[in-house]
Amino acid sequence: MSNPPCDAPLCVLDEVGSTNDEALAMARGGAPSGAAVMAHRQLAGRGQHGRSWVTLAGTHLYLSAIYRPTLPLNKVAGLTLEVGNAVADALASLGVEIALKWPNDVMLADKKVGGVLCELHADLPVIICGVGLNVTAASADELARIEPAATTLSNHADAPVELTTLARAVHSSLRDAFARYESAGQPNIDGYSKRLWSLGKTVRLSDAANPRTGTVRGLSDDGGLLVQWSDTGETGTVTTARIQHVFASDG
Ligand code: BTN
């Protein structure tokens, strides 16, 4: 599928494979840091850990922005948290208070309302930051079938959430976040901590040789998850995303 070239700060397309791929193509074509693309439908949307991100019937946000780091690439791992916080700021500006499930889920009323997928392309170098938000489901049944633990913004907002307004707010907040990250070299830990849905939750580290469970105590200075392990009582820092929140949707 090929879409016409676009050099607007925020390109709006009808249908794409993945907005992350469209944004990467724009970056390879020379689009600047902060340029973004959104689409009404994705045919091959991606989530974390190689999962698919299904386009649901209704109105939803699929938006990806280009970040061209001048920081050393070993400093960019925290960008996912920065982007999550930027999404939260954008939603707060529209009157919707969300929480953040470390490291990439956007939560509303204890259900997943969206997610963040940042992909590094070290050859350019560029990081494509994709944001998916469930806005208004055309069919509550479909949403429940595909994502039982999911919700939409419209289910909880006082007034209808208008897609263009939301996209502009998220885009503007992402641009601010990229600038902030560029100068700080690390995510906004205070901002993320205040919204940390994971706090106090039981988690299981699933990629260890001996899976361990523990309780989330907060974030480390560089954005890792501080977990107090049940077996030893000691608190350690988890940096892998292969952590599952027990008794909640996985991720
Ligand atoms: C997750 O929670 O697993 C992350 C989901 C990220 C989905 C967004 S939708 C816009 C962008 N394009 C993609 O293919 N994925 C991200």
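In this predicted model, P125 is placed in the loop between β6 and β7, and the peptide bond that leads into P125 from L124 is cis, with omega near -15°. A cis peptide bond is also found from W102 to P103, with omega near 0°, and P103 belongs to the loop between β4 (99–101) and β5 (105–108). Most residues other than glycine have a negative phi, and most peptide bonds are trans. Positive phi values occur in the loop between β5 and β6, where both A109 and D110 are located. The phi of A109, which is not a glycine, is about 50°, and that of D110, likewise a residue other than glycine, is near 65°. A109 counts as exposed because it has 10 C-beta neighbours inside 10 Å, and D110 counts as exposed because it has 12 C-beta neighbours inside 10 Å.

Taken as a whole, the protein contains five helices and 12 strands. Its radius of gyration is 18 Å, close to the 18 Å that the globule rule gives for 251 residues, and the protein is therefore as compact as a globular protein of that length. The C-alpha trace spans about 55 × 45 × 35 Å along its principal axes, and 41% of the 251 residues count as buried. When contacts between residues at least 6 apart in sequence are considered, 64% of them join residues at least 24 apart.

The protein is divided into domain 1 (10–194) and domain 2 (202–245), with the C-alpha centres of domain 1 and domain 2 lying 25 Å apart. The contact takes 11 residues from domain 1 and eight residues from domain 2. On the side of domain 1 that touches domain 2, helix α5 (residues 189–194) gives the most, with three residues, and this side comprises, by class, six nonpolar, four polar and one charged residues.

S198 is found in the loop between α5 and β8 (202–205). S198 counts as buried because it has 25 C-beta neighbours inside 10 Å. Beyond its neighbours within four places in sequence, S198 is in contact with K101, W102, V216, L225 and H245. S198 and L100, although 98 residues apart in sequence, are 7.4 Å apart in space from C-alpha to C-alpha.

The largest nonpolar core has 67 residues, of which L61, I66, V83, V87 and C129 touch the most other members. Because domain 1 (10–194) and domain 2 (202–245) both give residues to this core, it lies between them. In soluble globular proteins, nonpolar side chains tend to be buried together. For I66, the contacts outside its neighbours within four places in sequence include A23, M26 and A27, together with V126 and I128; A23, M26 and A27 are also among the buried residues of α1.

Helix α1 (residues 19–28) is mostly covered, with eight of its 10 residues buried. These buried residues are T19, N20, D21, E22, A23, L24, M26 and A27, and the strands against which the buried residues of α1 pack are β1 (10–16), β2 (36–42), β3 (58–67), β6 (111–121) and β7 (126–137). Following α1 is G30, whose phi is positive, near 105°.

The ligand is surrounded by 21 residues, of which S18, G47, G115, G130 and G132 come nearest. The elements α1, β3, β6 and β7 each give two or more residues to this shell. By class, the residues of the shell divide into six nonpolar, 12 polar and three charged. G115, one of the residues that come nearest to the ligand, lies in strand β6 and is buried, because 24 other C-beta atoms lie within 10 Å. Leaving aside its neighbours within four places in sequence, G115 is in contact with G47, Q48, N104, D105, V106 and G132, and of these contacts G47 and G132 are themselves among the residues that come nearest to the ligand. G115 and G130 are 15 residues apart in sequence, with a C-alpha to C-alpha distance of 8.2 Å in space.

Technical notes:
Residues are numbered from 1 along each chain as its sequence is written. This is a predicted model: local features need pLDDT of at least 70, side-chain atom pairs count only at pLDDT 80 or more; totals for chains, interfaces and linings use all residues. A nonpolar core is a set of buried Ala, Val, Leu, Ile, Met, Phe, Trp, Tyr and Cys residues joined through C-beta atoms within 7 Å. A residue is buried if 20 or more other C-beta atoms lie within 10 Å of its own, exposed if 12 or fewer, and partly exposed in between; C-beta atoms are placed from the backbone. Domain bounds come from an automatic or database domain assignment. Two residues are in contact if their C-beta atoms, placed from the backbone, lie within 7 Å. Helices (H or I, at least four residues) and strands (E, at least two) are DSSP runs, numbered from the N terminus. The radius of gyration is taken over C-alpha atoms; the globule rule is 2.2 Å times the number of residues to the power 0.38. A residue is near a molecule or strand if its C-beta atom, placed from the backbone, lies within 6 Å of it. Ala, Val, Leu, Ile, Met, Phe, Trp, Tyr, Cys and Pro count as nonpolar, Asp, Glu, Lys and Arg as charged, and the others, Gly among them, as polar.
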